[in-house]
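Colleague: Please take a close look at one part of this model, the ligand site. What surrounds the ligand, and what does the site look like in numbers?

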Amino acid sequence: MRVLVVHGPNLNLLGTREPEIYGSLTLEEINQEIKNKAQELQMELKIFQSNHEGTIIDFIHENKDWAQGMVINPAAYTHYSIAIRDAISATQIKTVEVHLSNIESREDFRKISVIKDVCHAQISGHGLNSYLLGLEKLKE
Ligand code: DQA
């Protein structure tokens with residue numbers, strides 16, 4: 001299975017960014033664990049991070065014929081990017097939305113995901129494991 005892993009804005013700062021909320025692993029360390037899991041699940045990966053909405057959308061479009069699944073942490077875009085939602089529904093890539101923190105137990109504005117409805121599943125609150133569980137979900 002060919003899978004995109006997309007990290008949204010500010011996730012490049014993981015490791016130093018609010019570690020009490022997001023943990024102390026860097027994005028590089030998280031990506032290494034994702035690669036290990038993908039090998040176990042016999043998945044081929046393209047991993048991508050951007051702080052820009054349009055760049056994320058371009059990446060999804062460019063890979064729409066390659067990808068059979070996607071794990072995306074849209075970060076803050078989760079809560080208001082209709083454009084990323086539309087990219088997921090337009091390309092019909094089977095997508096799992098993931099979050100390191102539990103968005104249900106934080107500020108009210110984080111409880112809303114405009115992405116969730118167009119996704120196969122949403123996994124939130126398991127740190128690095130959210131991504132690993134997301135990969136497993138794609139196999140269903
Ligand atoms: C996040 C949760 C979002 O609310 C926040 O804006 C992020 C990270 C998470 O992984 O917990 O940047 O998606």
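Modeller: The residues around the ligand (a heavy atom within 4 Å of it) are Arg17, Tyr22, Asn73, Ala75, Ala76, His79, His99, Leu100, Ser101, Ile103 and Arg110. This is a predicted model: local features need pLDDT of at least 70, side-chain atom pairs need 80 or more, and totals for chains, interfaces and linings use all residues. Numbering runs from 1 along each chain as its sequence is written, and side-chain values use heavy atoms, without hydrogens or water.

By class, this shell splits into 5 nonpolar, 4 polar and 2 charged residues. Here Ala, Val, Leu, Ile, Met, Phe, Trp, Tyr, Cys and Pro are nonpolar, Asp, Glu, Lys and Arg charged, and the others, Gly among them, polar.

Now the polar contacts (N or O pairs within 3.5 Å). A ligand oxygen lies 2.7 Å from a side-chain N or O atom of His79. For the side chain of Arg17, the distance from a ligand oxygen to an N or O atom is 3.0 Å. Ala76 takes part through a polar backbone atom, 3.2 Å from an oxygen of the ligand. Of the 320 Å² of accessible area that the ligand has on its own, the protein covers 99% (Shrake-Rupley, 1.4 Å probe).

The ligand takes up the space of the largest pocket. A pocket is an open set of points on a 1 Å grid over the protein atoms alone, with protein on both sides within 12 Å along at least five of seven lines; lining residues have an atom within 4 Å of a point. A molecule sits in one if more than half of its atoms lie within 2 Å of its grid points. The volume is about 160 Å³, counted as the space filled by probe spheres set on the points. The lining has 16 residues, with Arg17, Tyr22, Ala75, Ala76 and Arg110 nearest the centre.

Conventions
A polar contact is a pair of N or O atoms within 3.5 Å; within protein, one must be able to donate a hydrogen and the other to accept it, and residues adjacent in sequence count only if both atoms are side-chain atoms. On a 1 Å grid over the protein atoms alone, a cavity is a set of points where a 1.4 Å probe fits but cannot get out, and a pocket is an open set with protein on both sides within 12 Å along at least five of seven lines; lining residues have an atom within 4 Å of a point.
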